[in-house]
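Here's a quick briefing to read alongside the coordinates. Have the viewer open, since the points below are easiest to follow residue by residue.

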Amino acid sequence: DKMKNKKIEKRINDSNKDYEYIVSFPHIGNYYVPIYNLLNHLVDKNKVKVLMPKRITDNTIMYGAKCSPDFACLPFKYNMGNYIESLENGANVLIQAGGGCRYGYYYEVQEQILKDMGYNFTFIPLVDENGMNVLNVYEKFKILNGKLKFKKFCYYFLLGFKMIYILDEIETYMRNNFTYQVGEDKYTKIHQELLRDMLNINNFYELRKLNVKYKKRIKEIILKQDNKNDIKIGIVGELFTSMEPNSSFFLEKELNKLNCKVKRYTTVTYLLFQKGFAEKKIMKRASSYIKYHLGADGPESVAHTLELIDQGYDGIIHIKPFGCSPEINAMPILQKISLEKNIPIMYLTFDEQTSATGIKTRIEAFYDMLKMKKENILDGNLNKEEKEVKKESLEISEDVKTKLQTQT
């Protein structure tokens with residue numbers, strides 16, 4: 001193992017020795033693709049190499065949790081794990097973009113911890129005590145490219161934002177229709193090809209062609225009609241656990257396996273371009289239950305829960321990392337909504353000690369409960385003749401089952 005590690009270390013050092021800077025960033029969902037593309041266009045490629053962060057795994061959270069305070073939230077620990085993996089692979093510049101809650105103040109703590117561990121690097125926070133200012137961000141990127149023109153900086157930032165918008169649009173369509181595909185799953189393959197092609201986008205013309213191509217492909221897939229018996233589940237809660245699938249043990253994928261229709265609101269497009277404009281509307285929708293802003297995504301959790309109930313969803317899953325104050329504030333309000341509106345809400349909290357098996361068991365139990373509840377409601381709406389037909393079919397099924405057991 002030591003010999004193998006030395007060979008890996010030598011290979012990394014050899015591949016990185018010609019670069020003055022090797023820059024990396026934390027991983028979150030599939031947004032690493034537009035971020036990686038953006039950085040590759042902005043840096044001086046003769047002096048700077050962009051290092052793709054590793055996908056988040058169990059090792060990532062293990063590394064992050066080992067060097068993080070216990071009280072820090074899960075995104076802090078995941079990002080720390082990402083930073084350690086990148087630094088071990090040769091990175092000497094780390095970029096952090098975050099804010100909206102106490103996470104916006106974490107970058108100084110993260111930098112100090114990593115430097116106390118002996119790592120030598122430059123830390124570039126895109127959001128600091130002054131917020132995110134375009135000119136400040138431009139000046140920070142000039143560290144990675146002294147010749148970077150402001151016009152080029154703006155062009156590729158806008159291109160990156162457009163890539164995020166298209167990615168969110170296509171992923172939202174696939175998420176809403178995943179369970180309605182006729183035949184085998186085709187969305188997953190298309191999605192993987194989309195991410196691969198996005199890495200090589202150079203301008204708005206290429207991006208427009210890619211957008212047309214993949215929207216055409218996903219809409220060519222034949223979908224079955226919406227069935228009143230289908231279970232629909234909405235996901236609300238904290239942004240990181242909503243957008244990074246590994247942090248919630250691939251919650252959406254597990255629900256899709258159960259043939260649930262899944263909806264979630266939180267995307268980078270929503271956070272960057274829609275949340276600010278919708279804040280008054282959100283507070284108005286939730287005004288029956290909250291008078292003041294709960295912080296971060298708390299008000300959205302309340303407002304979106306009410307919206308999902310109005311849209312006829314069967315159940316809600318509220319997700320958050322351990323210790324997330326805004327979401328903890330939202331939970332008693334959601335419990336009140338659950339009682340008053342007769343809507344089941346399940347609360348999932350994630351940290352480094354959460355068991356994937358335990359989460360999966362709870363999801364399956366929640367689904368079974370929603371299915372039984374829905375069947376009881378539908379049975380209550382049947383007329384006398386329909387109830388007799390259903391009763392006979394159930395009796396036949398039980399009779400067949402008994403015969404098969406006897407034969408066995």
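What follows covers the sheets, an aromatic pair, a pocket and a cavity. Keep in mind that this is a predicted model. Two parallel open sheets of four strands turn up, one with the order 2-1-3-4 and one with the order 6-5-7-8. There's also a pocket of about 890 Å³, the second largest, and a cavity of about 80 Å³.

**Sheet 2-1-3-4**

- Four strands make up this open sheet, and they pair in parallel in the order 2-1-3-4.
- At the edges sit strand 2 (48–50) and strand 4 (122–125), each with pairing on one side only.
- Going from one strand to the next, the twist averages 25°.
- Strand 1 (residues 21–24) runs parallel to strand 3 (residues 93–96), and two bridges join them.
- If you want a spot to zoom in on, Ser-24 has Leu-94 in strand 3 as its bridge partner.

**Sheet 6-5-7-8 and its helix**

- Here too the sheet is open and the pairing parallel, with four strands in the order 6-5-7-8.
- Strand 6 (261–264) and strand 8 (345–350) are the edge strands, so to speak the ends of the row, as each pairs on one side only.
- Neighbouring strands are turned by 25° against each other on average, ignoring direction.
- Strand 5 (residues 232–237) and strand 7 (residues 315–321) run parallel and are held by five bridges.
- One of the residues involved is Gly-237, whose bridge partner in strand 7 is Ile-319.
- Helix 14 (residues 325–341) packs on this sheet and touches strand 5, strand 7 and strand 8. The direction of helix 14 makes about 165° with that of strand 7.

**Aromatic pairs**

- The structure has 15 aromatic pairs.
- Take Phe-157 and Phe-161: their ring centres are 5.8 Å apart and their planes stand at 65°, so this pair counts as edge-to-face, for which the angle has to be over 60 degrees.
- Both residues belong to helix 7, and because they are four residues apart, about one helical turn separates Phe-157 from Phe-161.

**Second largest pocket**

- This pocket has a volume of about 890 Å³.
- Its lining comes to 33 residues, and those nearest the centre are Asn-30, His-191, Pro-245, Glu-252 and Lys-253.
- Helix 7 (150–177), helix 8 (187–198), helix 10 (239–243) and helix 11 (251–257) each contribute at least two lining residues.
- Sorted by class, the pocket lining has 12 nonpolar, 11 polar and 10 charged residues.

**The cavity**

- The count is one cavity of 30 Å³ or more.
- The largest cavity has a volume of about 80 Å³.
- Residues lining the largest cavity include Ile-235, Val-236 and Gly-237, along with Arg-264, Tyr-265, Asp-297, Glu-300 and His-304.
- Strand 5 and helix 13 (298–310) each give at least two residues to the lining of the largest cavity.
- That lining splits into four nonpolar, five polar and three charged residues.
- Gly-237 is worth a second look, as this residue lines the largest cavity and also has Ile-319 as its bridge partner in strand 7.

Conventions:
Residues numbered from 1 in each chain as written. Predicted model: local features only at pLDDT ≥ 70, side-chain atom pairs only at ≥ 80, totals over all residues. Heavy atoms only, no water. Pairing = 2+ DSSP bridges. Axes fitted to C-alpha atoms, helices over the stretch in contact; angles between N-to-C directions. Contact = heavy atoms within 4.5 Å. 1 Å grid on protein atoms, 1.4 Å probe; cavity = no way out; pocket = protein on both sides within 12 Å on 5 of 7 lines; lining within 4 Å. Points joined across faces, edges and corners; volume = space filled by probe spheres on them. Nonpolar A, V, L, I, M, F, W, Y, C, P; charged D, E, K, R; others polar. Phe/Tyr/Trp six-rings, centres within 6.5 Å; stacked < 30°, edge-to-face > 60°.
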